[in-house]
Structures are given as structure tokens and as C-alpha cells.
Amino acid sequence: MVKEPRPGRVKTRLGAGIGMVPAAWWFRHQTRALLRRLRDPRWELVLAVSPDREGQESRAWPADLPRLPQGRGDLGARMGRILRQAPGPAIVIGADIPGITRAHVARAFHALAAHDAVIGPAPDGGYWLVGLAGRRAAPPGLFRGVRWSSAHARADTLRSMAGLRVATADTLADIDSAADLAALRHLGTGSAAR
């Protein structure tokens, strides 16, 4: 899932600490590096773009990658729509997680072979990855009542998955604030894995 990297429209919490232009620049370059790193013949990489029309026409992202609009609604409504439209096992990730590797994605898909869903925890109580195996219909309340951008997001999401067998993927950190970015730089590895 990617947003058009415009100052004031993307990574606004990060922008509050480092400025909106540097935050948009960071997101654009982080996402481009992530997309290069995640290309793999084992899966199809698709960009879920926002805003819909601008994202479909954007030159910020590689032209060869298929794009689909995220559509309206909160984050849960948009992720749910993406996962329900997928023809088989599907994983949604955010673009603000520098530590993601092909191995992380492969392990998450492998987990879907024996589970209905997978979630990749973040240390802050959220998550960086969510996926469905696609063998059965998603619960009608999937992502309903989730307190986004809070320490409760993962627990709320797991409650919305009641009745599904959920696997836990690797724990990775996302970049939401200037402190997160400073911690990443302090690690010096380009990875925010924990």
C-alpha cells in the first residue's frame, strides 16, 4: 500500500518531527528501495495506490508494476477490499518498514499454507503485514473497530479475525516518527527489525 509521496499527504507524523518535505522524500526513496528489494518470481508485486486516480497515473512508482486503487474508507476498509479481491493467498504490507526482505515475505506466504491468516507484529502494538490464505471468506467484521495508529491496532485486528487460524510472522518496526527514524539511523544497517 502506497500513498502518492506529496509533502503534507504522506508520513505526516514523521513530517511533524523532520518537516513535511523531508518526510515525503524519505517515503519516496524508502518505497522505491523496498520495491526493488521485494521483486521475486514467487509472487506478483502489486501497488495499492492512494489517492486512486493520482496514484494510477503517478510517475513516482515503477511503471511496470500493476496498480490498483485503494478506494474509499479507513485503512481497514481499504485493506479488506484489497485482500477480498485477491484471487488466492495475498499479503498487504506498508511501505514504511525498511527491514522487509524477500525472506520475510516468503515466510509469511509459507505460513498461509497451514493458516487462514497471517499478521506481522510491530513493536509499537501495530503490524507491518497482514494476509489471508483465500481458502475461505474473510470474516464480515474484518478490520472493524480497529484503533488505527495506536498500540491497540494489532490486538483489535486479531479480534476482528475471530474464527480464523492466524499465524504470526516476524516482528519488524515501521517508521512513524522522527524518533523511529533516528533509531533506524542509529542501527546503521538500514533495517528496523526487532
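The legends below describe a predicted model of one protein, beginning with the whole chain and moving on to close-up views of its pockets, its cavity and several single residues.

**Figure 1. Overall view of the predicted model, which has seven helices and seven strands.** Followed from the N terminus, the elements run in the order β-α-α-β-α-β-α-β-α-β-β-α-β-α. The radius of gyration is 16 Å, close to the 16 Å that the globule rule gives for 194 residues, so the protein is as compact as a globular protein of that length. Taken along the principal axes, the box filled by the C-alpha atoms is roughly 45 × 35 × 35 Å. Of the 194 residues, 47% count as buried, and among the contacts with a separation of 6 or more, 60% are made by residues 24 or more positions apart.

**Figure 2. Close-up of the largest pocket, with a volume of about 880 Å³.** The lining is made of 32 residues, and those closest to the centre of the pocket are Arg13, Leu75, Asp96, Ser149 and Asp176. Two or more residues of this lining come from each of the elements β1 (2–3), α1 (12–18), α4 (75–85), β4 (90–93) and β6 (127–132). Strand β6 gives the most to the lining, with four residues. Sorted by class, the residues that line the largest pocket are 17 nonpolar, six polar and nine charged.

**Figure 3. Close-up of the second largest pocket, which holds about 630 Å³ of space.** Here 28 residues form the lining, and the closest to the centre of this pocket are Glu44, Leu45, Val46, Ala90 and Ile91. The elements that give two or more residues to the lining of the second largest pocket are α2 (20–38), β2 (47–50), α4, β4 and α5 (102–111). In this second lining, 23 residues are nonpolar, four are polar and one is charged.

**Figure 4. Close-up of the largest cavity, with a volume of about 50 Å³.** When the whole structure is searched for cavities of 30 Å³ or more, one is found. The residues that line the largest cavity are Asp116, Leu132, Ala133, Gly134, Arg135, Arg136, Ala137, Ala138, Pro139 and Leu164. By class, this lining divides into six nonpolar residues, one polar residue and three charged residues.

**Figure 5. Close-up of Gln70, placed in the loop between β3 and α4.** The relative accessible area of Gln70 is 2%, which is under the 20% cut-off, and the residue therefore counts as buried. Its side chain reaches two backbone oxygens, that of Val2 at 3.3 Å and that of Ala48 at 2.9 Å. If neighbours within four places in sequence are left aside, Gln70 is in contact with Met1, Val2, Ala48, Val49, Ser50, Asp52, Arg78, Arg81 and Ile82.

**Figure 6. Close-up of Ser58, found in the loop between α3 (52–57) and β3 (67–69).** Ser58 has a relative accessibility of 8% and counts as buried, because this value is under 20%. A polar atom of the Ser58 side chain lies 2.9 Å from the backbone nitrogen of Ala60. Apart from neighbours within four places in sequence, the residues in contact with Ser58 are Glu4 and Arg67.

**Figure 7. Close-up of Pro140, in the loop between β6 and α6 (153–160).** With a relative accessible area of 70%, which is over the 50% cut-off, Pro140 counts as exposed. Pro140 and Pro41 are 99 residues apart along the chain, and their C-alpha atoms are separated by 32 Å.

**Figure 8. Close-up of Ala183, a residue of helix α7 (residues 178–187).** The relative accessible area of Ala183 is 30%, and because this value lies between the 20% and 50% cut-offs, the residue is described as partly exposed. A distance of 33 Å separates the C-alpha atom of Ala183 from that of Gln56, and the two residues stand 127 residues apart along the chain.

How values were computed:
Residues are numbered from 1 along each chain as its sequence is written. This is a predicted model: local features need pLDDT of at least 70, side-chain atom pairs count only at pLDDT 80 or more; totals for chains, interfaces and linings use all residues. Side-chain values use heavy atoms; hydrogens and water are left out. On a 1 Å grid over the protein atoms alone, a cavity is a set of points where a 1.4 Å probe fits but cannot get out, and a pocket is an open set with protein on both sides within 12 Å along at least five of seven lines; lining residues have an atom within 4 Å of a point. Grid points are joined across faces, edges and corners, and a volume is the space filled by probe spheres set on the points. Ala, Val, Leu, Ile, Met, Phe, Trp, Tyr, Cys and Pro count as nonpolar, Asp, Glu, Lys and Arg as charged, and the others, Gly among them, as polar. Buried means under 20% relative accessible area, exposed over 50%, partly exposed in between (1.4 Å probe, protein chains only). A polar contact is a pair of N or O atoms within 3.5 Å; within protein, one must be able to donate a hydrogen and the other to accept it, and residues adjacent in sequence count only if both atoms are side-chain atoms. Contact means heavy atoms within 4.5 Å. The radius of gyration is taken over C-alpha atoms; the globule rule is 2.2 Å times the number of residues to the power 0.38.
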